[in-house]
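Q: Could you teach me how to read a protein structure, one feature at a time?
A: Gladly! Let us look at the picture together and begin with a single residue.

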Amino acid sequence: MKVDFLLIGGGLAGMSLGYQLQKSGKEILILDHQSGNQSSQIAAGLYNPVTGRKMVKTWLADQLFPHIEPFYQELEQKTGRSFLRPQKIYRPFLTVEEQNEWMGHSSDPLFQGYLDGLFQSSQSSFLNDPFGGVMLTQSGWLDIPTFLEGMRTFFGDRYRDVIFEEDKLIKSDQNWSYENIEANEIIFCTGVHAAQSKFFSYLPFAPVKGEILEVKQEYCPEFIVNRGVFRVHLGQNVFRVGSTYTHFDLDQGPTERAKNEILGRLESLVQVPVDEVVSHKFGIRPATKDRKPFLGKHPDFSGVYIFNGFGAKGVSLVPYFSLMMRDFLLNGSSLSPEVDIARYFDYI
């Protein structure tokens, strides 16, 4: 088989970039090992314009957010699946000072389009929000397992569930070969596994372990609650709740420490008993030390690229940056210096 682009990795990043390239008329093939794709499979999938403990407008929000819902809606049409869940996010205030600060934001043009409402009193007797909170719009979540399943079906024989062995990748004068595949270009979308690649091990990955729970609990508002933990309704009073964020015990699987941490935070936010812990899962996010993605071309190996490092905000970042990467690959357009791996060439 001959292809223009061989993409290694079929998580959120690989599937999205593969679609952009195929849509542009290129022959692609995605190699992926489903059971090794933990990060995308268990990710919360939130897209949220205001993030972090300090509740600040997320990086590049005005560039990112116009692309998010149209991109996933297009893929819903292509796959015949439903996986995009637009939903408001409610973030309680922790102090009256924070409440006052956000009252000021209500007239700030920088926040226009992202604020659905500001509240100075509690929105539910079931919530610990005595100072009220901010209701966000242009937000929601992506059902990533359903997205991935739909994309695998969409790509058909252009997707293969295999274990990729890098030592079988051979460079010839004109292209790269891998077993019976000949490719003009190779793109690594392998998440944390790229840190072990001979091509990209020099990049400063900072893998982050995240653990999430699915719990049964009463109280089903029409919005996602997100402060300290996120709480996303999956149906039938089952909620995905999380997540933790640690740089240690990466290989220990789900931990009792994280479970107790999540349940404690949930208890302090939603004042309704948890009836049952349905599941407890973990994944390793492909985060980076500067919290910016890795896009670009290897400085020494011809035809080798990376599209990776999206961390916990992949759902928000990938639609915009997959377009940027496509234009870089096909048209020679520039990459943003903030994400171009050229920022690390001095460390090779």
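Q: Where does Leu 94 lie?
A: A good habit is to place a residue among the helices and strands. Leu 94 sits in the loop that runs between β7 (89–92) and α4 (96–105). Keep in mind that this is a predicted model.

Q: Is Leu 94 buried or exposed?
A: Exposed means over 50% relative accessible area, and buried means under 20%. Leu 94 counts as exposed because its relative accessibility is 53%.

Q: How far is Leu 94 from Phe 155, in sequence and in space?
A: Here you read two separations side by side. Leu 94 and Phe 155 are 61 residues apart in sequence, and their C-alpha atoms are 46 Å apart in space. You can try the same reading on Lys 54 and Glu 166: they are 112 residues apart along the chain, with 42 Å between their C-alpha atoms.

Q: Let us step back to the whole chain. How many helices and strands does the protein chain have?
A: The secondary structure comes to seven helices and 21 strands.

Q: What does the radius of gyration say about the protein chain?
A: The idea is to compare the value with what a compact globule would give. For 348 residues, such a globule would have a radius of gyration near 20 Å; the protein chain has 21 Å, so the two agree. You can also look at the spans along the principal axes, where the C-alpha trace covers about 70 × 45 × 40 Å.

Q: What share of the residues of the protein chain count as buried?
A: Of its 348 residues, 52% count as buried.

Q: Now for charges. How many salt bridges are found in the whole structure?
A: To spot one, look for a side-chain nitrogen of Lys or Arg within 4 Å of a carboxyl oxygen of Asp or Glu. A search of the whole structure finds 15 salt bridges.

Q: Which residue forms a salt bridge with Arg 81?
A: The partner of Arg 81 is Glu 149, and their closest N and O atoms are 3.5 Å apart. This pair links distant parts of the chain: Arg 81 is in the loop between α3 (61–79) and β6 (84–86), while Glu 149 is in helix α5 (residues 144–155), 68 residues apart. Arg 81 is partly exposed, since its relative accessible area is 26%. Glu 149 is partly exposed too, with a relative accessible area of 40%.

Q: What joins the side chains of Glu 98 and Arg 227?
A: They meet in a salt bridge, at 3.0 Å from N to O. Again the pair links distant parts of the chain, with Glu 98 in helix α4 and Arg 227 in strand β16 (residues 224–227), 129 residues apart. Both Glu 98 and Arg 227 are buried.

Q: Which residues are linked with Lys 168 in a network of salt bridges?
A: A residue can take part in a network, so follow the links from residue to residue. In this network Lys 168 is linked with Glu 165 and Glu 179. For the salt bridge between Lys 168 and Glu 165, the closest N and O atoms are 3.1 Å apart. Lys 168 is partly exposed, with a relative accessible area of 34%, and Glu 165 is partly exposed at 36%.

Q: Which residues form a positive surface patch?
A: For a patch like this, you look for like charges grouped at the surface. Arg 53, Lys 54, Arg 291 and Lys 313 form a positive surface patch. One of them, Lys 54, lies in the loop between β4 (50–51) and β5 (56–57). Lys 54 is exposed because its relative accessible area is 72%. Arg 291 is in the loop between β19 (274–285) and β20 (294–297), and at 64% relative accessibility Arg 291 counts as exposed.

Q: What is the phi of Arg 291?
A: Phi is a backbone angle, and here you check its sign. Phi of Arg 291 is near 60 degrees, a positive value in a residue other than glycine. Gln 138 also has a positive phi, near 55 degrees. Gln 138 is found in the loop between β9 (133–136) and β10 (140–142), and Gln 138 is partly exposed, with a relative accessible area of 30%.

Q: Where is there a cis peptide bond?
A: For this you read the angle omega. The peptide bond from Gly 242 to Ser 243 is cis, with omega near -10 degrees. Ser 243 lies in the loop between β18 (238–242) and α6 (256–269).

Methods. Residues numbered from 1 in each chain as written. Predicted model: local features only at pLDDT ≥ 70, side-chain atom pairs only at ≥ 80, totals over all residues. Heavy atoms only, no water. Patch = residues over 30% accessible without salt bridge, like charges linked within 9 Å, V, L, I, M, F, W, Y side chains within 5 Å. Areas by Shrake-Rupley, 256 points an atom, 1.4 Å probe, with all protein chains shown as cover. Lys, Arg positive; Asp, Glu negative; His and termini not counted. Charge placed at Lys NZ, Arg CZ, Asp CG, Glu CD. Helix = DSSP H or I, 4+ residues; strand = E, 2+ residues; numbered from the N terminus. Buried < 20%, exposed > 50% of the residue type's maximum accessible area, 1.4 Å probe, protein only. Rg over C-alpha atoms; globule rule 2.2 N^0.38 Å.
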